[in-house]
Amino acid sequence: MDRFASLILAAGEGKRMKSKKSKVLQEVLGKPMLFWVLDSVEAAGALETCVVCGHLKEQVIDAVKDRAKHVVQNDILGTGHAVMQAADFLKATAA
């Protein structure tokens with residue numbers, strides 16, 4: 001199997017959820033949605049993972065702890081912009 005890194009986009013605001021909790025930390029079947037994704041990329045063999053966080057970033061960073069690196073998208077300007085925030089991570093893991 002090829003070696004790979006993963007990038008998880010978790011910066012969105014989730015306005016329609018009307019919650020004080022980050023949308024990626026909302027629970028599904030007793031576990032934050034973000035953890036389902038982290039578990040999946042770890043099980044698939046990702047060597048490193050980076051989470052792009054933005055809205056309520058402190059919650060996300062605290063939840064992720066050492067399971068992944070993180071970068072911050074200070075201005076929430078869409079998916080392409082979120083990926084651009086992880087450019088250094090992507091370059092470092094592409095080698």
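Here is a short chat about the salt bridges, cysteines and nonpolar groups in this structure.

This is a predicted model, in which local features need pLDDT of at least 70 and side-chain atom pairs count only at pLDDT 80 or more, while totals for chains, interfaces and linings use all residues. Residues are numbered from 1 along each chain as its sequence is written, and side-chain values use heavy atoms, with hydrogens and water left out.

User: How many salt bridges are there?
Analyst: A salt bridge here is a side-chain nitrogen of Lys or Arg within 4 Å of a carboxyl oxygen of Asp or Glu. By that rule, the count is four.

User: Is K31, which meets D39 in a salt bridge, buried, partly exposed or exposed?
Analyst: The K31 and D39 side chains pair up at 2.5 Å, N to O. Buried means under 20% relative accessible area and exposed over 50%, with partly exposed in between (1.4 Å probe, protein chains only). K31 has 21% relative accessibility, so the label is partly exposed.

User: How far apart in sequence are the parts that R67 and D39 tie together?
Analyst: R67 and D39 form a salt bridge at 2.5 Å, N to O. D39 sits in helix α1 (residues 33–44) and R67 in the loop between α2 (57–64) and β5 (69–72), so the parts they tie together are apart by 28 residues. Helices (H or I, at least four residues) and strands (E, at least two) are DSSP runs, numbered from the N terminus.

User: Which strands does the salt bridge between E48 and K69 link?
Analyst: The closest N and O atoms of E48 and K69 are 2.6 Å apart. This pair links distant parts of the chain, 21 residues apart: E48 is in β4 (residues 48–53) and K69 in β5.

User: Which residues do salt bridges with shared partners join into one network?
Analyst: D39 pairs with K31 and also with R67. The one network joined through shared partners is made of K31, D39, E42 and R67.

User: How many disulfides does the structure hold?
Analyst: A disulfide needs two cysteine sulfur atoms within 2.5 Å. The sulfur of C50 has its closest cysteine sulfur in C53, 8.2 Å away, which is too far for a bond. C50 and C53 are each buried, C50 at 1% relative accessible area and C53 at 1% as well. The disulfide count is zero.

User: Which element gives the most to the largest nonpolar core?
Analyst: A nonpolar core is a set of buried Ala, Val, Leu, Ile, Met, Phe, Trp, Tyr and Cys residues joined through side-chain atoms within 4.5 Å. The largest one has 13 residues, with I8, V24, L34, L38, V51, V60 and V64 making the most contacts inside it. Two or more residues come from each of β1 (5–10), α1, β4 and α2. The top contributor, with three residues, is α1.

User: How many residues are in the second, separate core?
Analyst: This other core includes A11, C50, A82 and F89. Its size is seven residues.

User: Which element gives the largest share of the nonpolar patch on the surface?
Analyst: Patches take residues with over 30% relative accessible area and no salt bridge, joining like charges within 9 Å and nonpolar side chains (Val, Leu, Ile, Met, Phe, Trp, Tyr) within 5 Å. This nonpolar one consists of M17, V28, L29, M33, W36 and V37, with about 550 Å² of accessible area together (Shrake-Rupley method, 1.4 Å probe; for residues, only the protein chains shown count as cover). M33, at 32% relative accessible area, is partly exposed. The largest share, three residues, comes from α1.
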